[in-house]
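Colleague: I am new to this structure and would be grateful for a close look at a single part of it. Please choose one helix and explain how it sits within the whole.

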Amino acid sequence: MFAALGAHPWAYPMLEVVHILGIGLLLGNLVLLELRVFGFASDLPVASLARLSLAIAGLGFAMATASGLLMFATQAEELLANRAFTAKMLLLMLAGCNAGWFHGRRSLQRLDGGAKALMVASTVIWLLVLTCGRWIAYV
C-alpha cells in the first residue's frame, strides 16, 4: 500500500503539500506567540492569543505528523539511513522536551527571561527541523 502511495502521480505530492501547510501553521503561530511574549502587540492578552495560536499550531503539528508518517512509510529504509532525517527526528524530540519544559514551568504566566529563552530556543529548534527536513532530499 505504501509503495503505491509513493508511486502515485499526485498522492505523494499532495502529502508534501499537507506537510508544508502543517509546518506553516505550526511555525507561523509559534512565531506569532513569541513576538507577543517579546512585547509586540502588547495590547493583546497573552492568554487569549496563546489559546488561539497554540491550538492552530497543534493542528499544524498534527497535519505535519500524519503526512510525515505516511511519507516515511513509503521509503522507511532509505530515510532511516539518511543523516538529515535522523537529525530532524532528534530535533523533533528536543522540540517536544523544550515545549514540555516551557509549559511545565508555566512560562506563559511568568513571561520572564526563562520564558523568553525557551521561546527563542523553540524557534531555533523548529527552524533547524525545517532545514533538516529540506536537506533530506540532498544528503
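Modeller: What follows sets out the whole protein briefly and then turns to helix H3.

The model is predicted. The protein contains 7 helices and 0 strands, so that, read from the N terminus, its elements run α-α-α-α-α-α-α. Its C-alpha trace spans about 50 × 25 × 20 Å along the principal axes. Of the 139 residues of the protein, 33% count as buried. The accessible surface comes to about 8300 Å², and carbon and sulfur atoms account for 73% of that surface. Among contacts between residues at least 6 apart in sequence, 74% join residues at least 24 apart.

Helix H3 comprises residues 46–74. Does its length suit a helix, or depart from what one would expect? At 1.5 Å a residue, the 29 residues of H3 should span 42 Å, and because the end C-alpha atoms are 41 Å apart, the two values agree.

The buried residues of H3 begin with Val 46, Leu 49, Ala 50 and Ser 53. Further along the helix, Ala 57, Gly 60, Met 63 and Ala 64 are buried as well, and Ser 67, Gly 68 and Met 71 complete the set. Against which elements do the buried residues of H3 pack? Their partners are helix H2, which covers residues 11–37, helix H4, which covers 76–80, and helix H6, which covers 107–110.

One residue of H3 that is not among those buried deserves a separate word. Ala 47 belongs to this helix, and its relative accessibility is 48%; because buried means under 20% and exposed over 50%, Ala 47 counts as partly exposed. Ala 47 and Leu 33 are separated by 14 residues in sequence, and their C-alpha atoms lie 10.0 Å apart in space.

The charges of the protein complete the setting of this helix. There are 9 positive and 6 negative charges, and the mean positions of the two groups are 11 Å apart. The structure holds 1 salt bridge, in which the side chains of Arg 105 and Asp 112 meet at 2.9 Å, N to O. Is Asp 112 buried or partly exposed? Its relative accessibility is 27%, and Asp 112 therefore counts as partly exposed.

Methods: Residues are numbered from 1 along each chain as its sequence is written. This is a predicted model: local features need pLDDT of at least 70, side-chain atom pairs count only at pLDDT 80 or more; totals for chains, interfaces and linings use all residues. Side-chain values use heavy atoms; hydrogens and water are left out. Helices (H or I, at least four residues) and strands (E, at least two) are DSSP runs, numbered from the N terminus. Buried means under 20% relative accessible area, exposed over 50%, partly exposed in between (1.4 Å probe, protein chains only). Contact means heavy atoms within 4.5 Å. Accessible areas come from the Shrake-Rupley method with a 1.4 Å probe; for residues, only the protein chains shown count as cover. Lys and Arg count as positive and Asp and Glu as negative; His and the chain ends are not counted. The place of a charge is taken as NZ of Lys, CZ of Arg, CG of Asp or CD of Glu. A salt bridge is a side-chain nitrogen of Lys or Arg within 4 Å of a carboxyl oxygen of Asp or Glu. The expected span of a helix is 1.5 Å times one less than its number of residues.
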